[in-house]
Structure formats: C-alpha cells, structure tokens
Amino acid sequence: MDARTKLLHLTEHALAAVEATRALRRELQEELEGEYGTERVEDARALLAAVIGRHGGDDAIRARRVRPPR
C-alpha cells in the first residue's frame with residue numbers, strides 16, 4: 001500500500017446486511033431450483049451471462065458499476 005490507499009472495514013450493520021443478502025440469494029436459488037430444476041436454472045444463468053457479456057455489461061458487473069435502468 002502507498003500513501004493514497006486506505007484499508008476500510010465494514011461496520012457490524014453492513015456485515016449483517018451482506019449476510020442477509022447472501023441468505024436471500026441462497027433461498028431464491030433453492031426456490032428456483034426446486035421449481036424448475038438445477039439444470040434449467042444454470043442454463044438460464046449462463047444465457048443471461050452471455051447476453052450481458054454480448055452487450056459489454058460483464059465488466060460493469062464485475063466492477064460493481066451497474067447503473068439502474070432509465
């Protein structure tokens with residue numbers, strides 16, 4: 001690290017929010033797989049990733065720079 005960088009830590013509140021979001025994602029994944037099957041859910045995920053990548057959005061997603069729709 002040089003003088004321009006700072007190490008940040010999430011607060012307990014922020015950590016709780018991250019964990020709550022992860023739990024919701026797990027629940028949604030399980031719900032979708034239960035209703036449609038794991039293979040179909042993974043196929044849908046792959047298709048959506050390909051569409052996003054085709055339009056140059058994959059870098060924005062990785063960098064967490066996704067903007068809401070207009």
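Biologist: Where is the place of V66, and what makes V66 count as exposed?

Modeller: V66 has its place in the segment after α3, the helix that spans residues 58-62. This is a predicted model, and in it V66 has a relative accessibility of 56%. A residue is called exposed when its relative accessible area is over 50%, and because V66 stands at 56%, it counts as exposed.

Biologist: Which residues make the nonpolar surface patch of about 360 Å², and what makes V66 fit to be part of it?

Modeller: The patch is made by L48, I52, I61 and V66. A residue in such a patch needs over 30% relative accessible area, and V66, at 56%, therefore meets that condition.

Biologist: What makes R67 count as exposed, and where does R67 lie?

Modeller: R67 lies in the segment after α3, and its relative accessibility is 74%. Because the cut-off for exposed is over 50%, R67 is placed in that class. R67 and E31 are 36 residues apart in sequence, and their C-alpha atoms are 27 Å apart in space.

Biologist: Is G57 buried or exposed, and how do you know?

Modeller: G57, in the loop between α2 and α3, has a relative accessibility of 18%. Buried means under 20%, so G57 counts as buried. Its C-alpha atom is separated by 28 Å from that of E35, with the two positions 22 residues apart along the chain as the separation.

Biologist: How many salt bridges does a search of the whole structure find, and why is the pair R26 and E19 called one?

Modeller: The search finds two salt bridges. In the pair of R26 and E19, the closest N and O atoms are 3.2 Å apart, and because the cut-off is within 4 Å, the pair qualifies as a salt bridge. R26 has a relative accessible area of 44% and E19 has one of 39%; partly exposed covers the range between 20% and 50%, so both residues are partly exposed.

Biologist: Why is the pair E42 and R45 also called a salt bridge, and how are the two residues placed in helix α2?

Modeller: The closest N and O atoms of E42 and R45 are 3.7 Å apart, and since a distance within 4 Å is required, this pair qualifies too. E42 and R45 are separated by about one helical turn because they are three residues apart in helix α2. E42 is partly exposed at 35% relative accessible area, and R45, at 40% relative accessibility, is likewise partly exposed.

Biologist: At what angle do helices α1 and α2 pack, and which residues make the contact?

Modeller: Helix α1 (residues 12-36) and helix α2 (residues 38-54) pack at an angle of about 120°, and their axes are 7 Å apart. From α1 the contact takes Q29, L32, E33 and Y36, while α2 brings T38, R40, V41, E42 and R45. Sorted by class, the contact has three nonpolar, two polar and four charged residues.

Biologist: Which residues is R65 in contact with, once its neighbours within four places in sequence are left aside?

Modeller: R65, which lies in the segment after α3, is then in contact with D59 and A60. The C-alpha atoms of R65 and I52, residues that are 13 apart along the chain, are separated by 13 Å.

Key
Residues numbered from 1 in each chain as written. Predicted model: local features only at pLDDT ≥ 70, side-chain atom pairs only at ≥ 80, totals over all residues. Heavy atoms only, no water. Axes fitted to C-alpha atoms, helices over the stretch in contact; angles between N-to-C directions. Helix = DSSP H or I, 4+ residues; strand = E, 2+ residues; numbered from the N terminus. Contact = heavy atoms within 4.5 Å. Nonpolar A, V, L, I, M, F, W, Y, C, P; charged D, E, K, R; others polar. Patch = residues over 30% accessible without salt bridge, like charges linked within 9 Å, V, L, I, M, F, W, Y side chains within 5 Å. Areas by Shrake-Rupley, 256 points an atom, 1.4 Å probe, with all protein chains shown as cover. Salt bridge = Lys/Arg side-chain N within 4 Å of Asp/Glu carboxyl O. Buried < 20%, exposed > 50% of the residue type's maximum accessible area, 1.4 Å probe, protein only.
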